Each structure stands twice: as structure tokens, then as C-alpha cells.
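Hi everyone, thanks for coming. Please have a look at the structure on the screen, and I'll walk you through a few places in it.

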Amino acid sequence: MPDHPFVHRLLELPPAWRDLTALSSAGARLSFAGLGQAMMAFAGWLCERAGVEPGDRVAICLPKNLEAAVAVYGILAAGACYVPLPFYGPAARLADLISSIRPKLLLTTAGMAARLRAINGRQGQPPTILVEPRQDGSGLAPLLERASPLGQMPNVGPLDPAAILFTSGSTGDPKGVMLSHDGILNTVQGMQRRDRMSERDRRISHAGLQIISSLDLFYPLCGCQIFLMPQTEAMFPERLAEVLEREKPTIWSSQATVMRLLLERGDLAHRDLASLRRVAFFGEPMSMEVLRQLMAILPQAEFLNHYGATEAFNIANFFVPRPLPEDMSALPLGVPADHCTMTLRDESGAQVRPGEIGEICVVSPTVMLGYWADPELTAAKRVEGEPNSYRTGDIAIAGEDGMLRLLGRKDNLVKLRGHRFHLGEIEAVLKMHPAVRGAYAFAILDSRGQRVIKAAVLADETSDLETALRRICARRLPAYARPVAIAAMTQFPLLANGKVDRQRLRAIVEGR
């Protein structure tokens with residue numbers, strides 16, 4: 001049966017929450033009542049002035065702020081699907097994403113609109129609405145003054161698309177992960193149960209809107225207050241540490257890499273972080289040395305290792321014991337979330353026997369609807385006979401204690417600074433240069449233990465090629481995925497069968 005969009009729950013929250021803060025930023029705040037009013041006002045504008053109808057896609061390319069948050073809520077209230085796009089990054093890649101989803105509308109700034117016009121011209125852009133962020137969060141006011149609030153949210157199906165989040169793809173084209181209204185709601189409710197969230201909690205949201213962890217934008221539906229931190233500030237550990245101390249969150253969730261950088265540069269030992277009751281980390285394996293130091297600095301906090309993906313955000317969690325066992329050299333993935341069934345399967349899809357290695361597969365109401373405009377890939381990622389399933393591509397083994405231990409990837413998907421990225425996309429960008437006949441990208445640990453990209457390209461003429469390739473990468477790839485070194489070669493090392501010797505090639509590239 002049709003139902004309202006899941007954000008309808010914002011209008012059904014307890015009256016006692018009405019004046020409590022739902023969302024805040026450095027310059028402004030929105031109460032639960034204020035967020036509900038702004039949501040319905042923007043939804044009314046979308047329907048009345050922009051002609052948005054249920055099922056339409058509306059792209060958002062804005063900095064993370066109150067305007068962007070209200071826009072997301074308003075798009076969903078109008079029954080449409082929001083598509084968040086990276087505001088910081090190559091404009092050419094952004095233009096490709098917009099072209100692939102064919103949105104009814106694009107919300108962005110004047111500066112970004114000009115960058116896109118310089119690439120595609122006016123005919124290559126959807127109707128564009130300009131939103132200029134303001135310190136007090138009133139950037140949408142000029143639009144809202146000209147429309148009536150939406151009287152009632154339209155009916156949508158629980159499995160209708162609510163969001164499309166782009167993640168890296170092996171062909172060089174990013175994949176659009178479609179999330180349903182029911183999927184997002186089940187994710188939020190699952191996180192509420194895991195973290196025991198209530199109106200007494202406060203969290204900091206510092207991931208870009210296009211990242212799956214930005215679903216914390218909807219935690220106010222659980223009563224939790226969210227402080228929105230701009231990406232331009234969150235990238236500096238010192239600034240993030242200051243915000244953690246000032247805003248006094250009760251729950252903090254972040255990439256393991258970010259936590260390591262905070263420990264190195266954020267002077268955490270001398271900050272008042274006593275408000276934290278829970279700390280969750282994800283993205284890459286957490287260094288045991290870093291974890292021990294963090295647990296010593298935050299003796300009052302409970303720590304957990306969070307495992308998930310864009311296609312299924314909350315899959316498993318490991319609650320770290322205190323004291324941390326001295327002989328523990330790596331953290332397991334933990335136990336499945338209460339809404340997930342997790343199994344290990346072989347290539348044929350059959351479950352492996354205890355003690356055998358297999359691919360992690362999950363069945364859950366939070367799993368993606370599928371990949372945008374790619375039914376074949378969607379089918380390949382399903383467990384046969386299970387529509388709400390996802391084959392993660394992660395290889396693991398179950399220990400004697402029943403806990404899963406992650407062993408690696410079955411493909412070339414890697415984690416870079418907390419972002420999942422496919423090496424094939426980097427290789428595809430390198431091959432855009434007409435002189436390049438072949439390319440390989442490798443994820444390599446640098447001297448600080450941080451994963452970086454180094455690459456090798458095959459070309460007949462190699463002089464000045466690296467400089468040209470760096471320019472191409474700067475235009476087409478986000479900063480974290482750009483190779484720090486590119487070896488231009490006239491011949492790749494080969495095996496006896498004539499195939500490229502990837503191990504020798506990796507050793508050559510690693511030494512640069």
C-alpha cells in the first residue's frame with residue numbers, strides 16, 4: 001500500500017521536542033518545529049514553482065549546510081528522489097554524473113553553475129536553481145517567500161527511490177546506488193537501536209552529502225541533534241578536534257583514518273571530550289596502537305568497529321572490550337546488525353562450510369534497490385532468490401568464536417581516506433590520454449601507513465607524459481584518488497604466458 005515519504009515522521013514527533021534543536025551549524029540552528037516548517041515550505045516551492053512530481057530526481061550540489069539539509073528534507077517531502085553530488089571535486093566528473101541521471105532540477109551555487117556551463121554549455125544542464133549559502137542558514141529564503149507550504153505529502157511506495165548516491169565503478173563510470181524510503185528508514189532505526197539514540201544525544205555530521213554516512217542527516221527522526229560541519233573544515237584535524245570539544249557530542253562516528261589524524265594532530269589528550277559515550281569507526285582497519293591510545297584518552301567511551309557499504313550501510317558491529325586484550329592484533333567485523341542476515345558464500349552462491357573462506361553476503365531491508373540504469377550489475381550483486389541481498393565483494397573467514405575476520409577484496413575496490421574507490425576508474429582516466437596504451441593503478445601504504453595510489457602507464461613516448469596525466473587526473477578524479485606517482489614505461493614486465501606481471505610491476509611502482 002502507498003505511504004507517505006519517510007520524512008513524514010518529522011511531523012509526528014513528540015510535542016515536547018518541538019522547540020529542541022534538530023539541526024545546527026556554526027551560524028544557525030533549526031528546531032524540530034522549524035525544520036518541519038522549512039521542509040514543507042520548500043516541498044511546496046518544488047511542487048508549485050518548479051513542477052517537481054513524485055518520482056522525479058532532483059540533484060543537489062551544495063556545500064553541507066542548513067540550506068542543503070532543508071533541501072534534502074523538502075525534496076523527499078515532495079515525493080521526489082534526492083541525488084547529492086560532490087561539491088568539491090572535478091567539474092567534468094560532476095557534469096558526467098548529472099548527464100547520467102537526467103534530473104528534473106539541479107540545486108547549486110552560481111559559481112558551480114558557471115563551472116558546469118563552461119564544460120557543457122547551457123544545453124547540457126538541467127534547469128538550475130541557484131542557492132547561495134548564508135551564515136544564518138537563510139539561503140533558501142528568496143525561494144520560500146514565493147510559494148505556499150505543501151499541504152500534504154504525496155503517497156509514495158516504501159520501495160520507491162528516495163536517494164541515489166554515487167560510488168566508484170570498475171569501468172571508469174561511477175555507480176549510482178539507489179536507496180528506497182523503506183531502506184533509509186530501516187537504516188536510521190537500526191542505528192537508533194544500536195546506539196540507543198534519543199533526544200538527549202548530539203552528533204557531528206562531517207561527511208559530504210554524497211557519502212553514505214551522511215544518512216546521519218536523518219537522525220533527528222530519532223530525536224538526536226545533528227551539528228553540520230562543512231567539509232572544508234572537517235578536512236583539517238585541528239579544526240575537527242576543536243568542534244568536538246566545543247559542540248560536546250555524545251556519539252561520534254568517523255573513518256578510522258580521520259581518527260588517526262586527530263590523534264596525531266588534534267591534541268586530543270588535552271581537550272575536554274568527556275561528553276562522548278560512544279565512538280564508532282569504519283572505512284579501513286583500525287590500527288591497534290591508535291585504538292589503544294584513543295581508548296586511554298577517552299576512558300568513559302564505548303568503542304565499536306562498524307562494517308558496512310554504500311549498498312548496505314550497517315552490516316556488522318564489533319563492540320571493543322575494555323580492557324583491550326594484549327594479544328589482540330586485529331579487530332573482527334563482529335556480529336550482524338539486528339536487521340541483517342550475514343553469510344559467507346562461494347562463487348556459485350552456496351554457503352561455505354565452517355572454517356572456509358567465502359564472500360560476505362547480506363540480506364536486509366536496508367539493502368539498496370539496485371544500481372541506477374544498470375540491471376545487469378544489480379543482478380550480479382544479488383544472492384539468487386534473495387531480492388533484498390547484496391554480495392559485498394569482501395572475503396572473510398569465521399573464527400572459532402564465530403566472529404568474521406576480513407581477509408581482503410575479490411576485486412579492485414579499495415578504501416582511500418574513508419572513501420570506497422575502484423582502481424579501474426583511475427586506470428580508465430589514465431587511458432584518456434591518447435598516448436597511453438595501458439594503465440595499472442595500485443593502492444600502496446606510504447611511510448605513515450596511509451593508503452595512496454601509484455600507477456604505471458604504457459606509452460611509446462614517455463617524456464613529459466606524467467605532467468599531462470596529472471592534469472587529466474586533476475580534472476577527472478577526486479583528490480584522494482589521484483596517483484601520487486605515475487611511472488611512464490615503454491614496456492611492462494611480462495610473464496612467460498605474455499600477460500603483464502602485475503607483481504613485478506607493482507614492485508617497480510612501489511619503489512617510486
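What volume does the second largest cavity have? About 70 Å³. Before I go further, please keep in mind that this is a predicted model.

Let's stay with that second largest cavity for a moment. It is lined by 16 residues, and Leu179, Gly183, Ile184, Thr187 and Thr366 are the closest to its centre. If you want to find the spot by secondary structure, look for strand E8 (175-180), helix H6 (181-195) and strand E14 (312-319), since each of them supplies at least two residues of the lining. As for chemistry, ten of the lining residues are nonpolar, five are polar and one is charged.

Now the other cavity. The structure holds two cavities of 30 Å³ or more, and the largest has a volume of about 150 Å³. Here 14 residues form the lining, with Ile204, Ser213, Asp216, Ser253 and Phe282 nearest the centre. Strand E9 (202-205) and strand E11 (251-255) each give at least two residues to this lining. Its make-up is six nonpolar, six polar and two charged residues.

Next, the nonpolar cores. Which residues touch the most other members of the largest nonpolar core? They are Phe42 and Phe218, in a core of 87 residues. Helix H2 (residues 66-77) provides the largest share of this core, with ten residues. Let's zoom in on Phe42: leaving out residues up to four places away in sequence, Phe42 touches Val70, Ala71, Gly74, Ile75, Leu107, Leu140, Leu143 and Leu144. Apart from that core there is another one, of 34 residues, and its members include Ile204, Leu263, Leu276 and Met288. You have met Ile204 already, as one of the residues nearest the centre of the largest cavity.

On to the backbone, with a quick reminder. Most residues other than glycine have a negative phi, and most peptide bonds are trans. With that in mind, go to Arg102, which is not a glycine and yet has a positive phi of about 50°. Arg102 sits in the loop between helix H3 (91-101) and strand E5 (105-108). Is Arg102 buried or exposed? Arg102 counts as exposed, because its relative accessibility is 56% and the cut-off for exposed is over 50%.

Arg196 is another residue other than glycine with a positive phi, near 50°. You will find Arg196 in the loop between H6 and E9, and with a relative accessible area of 53% Arg196 is exposed. There is also a cis peptide bond, between Arg322 and Pro323, with omega at about -5°. Pro323 belongs to the loop between E14 and strand E15 (335-336).

Last stop: two covered elements towards the end of the chain numbering. Why do we call helix H12 (residues 423-430) largely enclosed by the rest of the structure? Because seven of its eight residues are buried. Those are Leu423, Gly424, Glu425, Ile426, Glu427, Val429 and Leu430. Strand E25 (residues 485-489) is mostly covered too, with four of its five residues buried. E25 runs parallel to strand E24 (residues 451-459), and five bridges join the two. One pair to click on is Lys454 and its bridge partner in E25, Ala485.

That's my tour, and I'm happy to go back to any of these places with you.

Technical notes:
Residues numbered from 1 in each chain as written. Predicted model: local features only at pLDDT ≥ 70, side-chain atom pairs only at ≥ 80, totals over all residues. Heavy atoms only, no water. 1 Å grid on protein atoms, 1.4 Å probe; cavity = no way out; pocket = protein on both sides within 12 Å on 5 of 7 lines; lining within 4 Å. Points joined across faces, edges and corners; volume = space filled by probe spheres on them. Nonpolar A, V, L, I, M, F, W, Y, C, P; charged D, E, K, R; others polar. Buried < 20%, exposed > 50% of the residue type's maximum accessible area, 1.4 Å probe, protein only. Core = buried A, V, L, I, M, F, W, Y, C linked by side-chain atoms within 4.5 Å. Contact = heavy atoms within 4.5 Å. Pairing = 2+ DSSP bridges.
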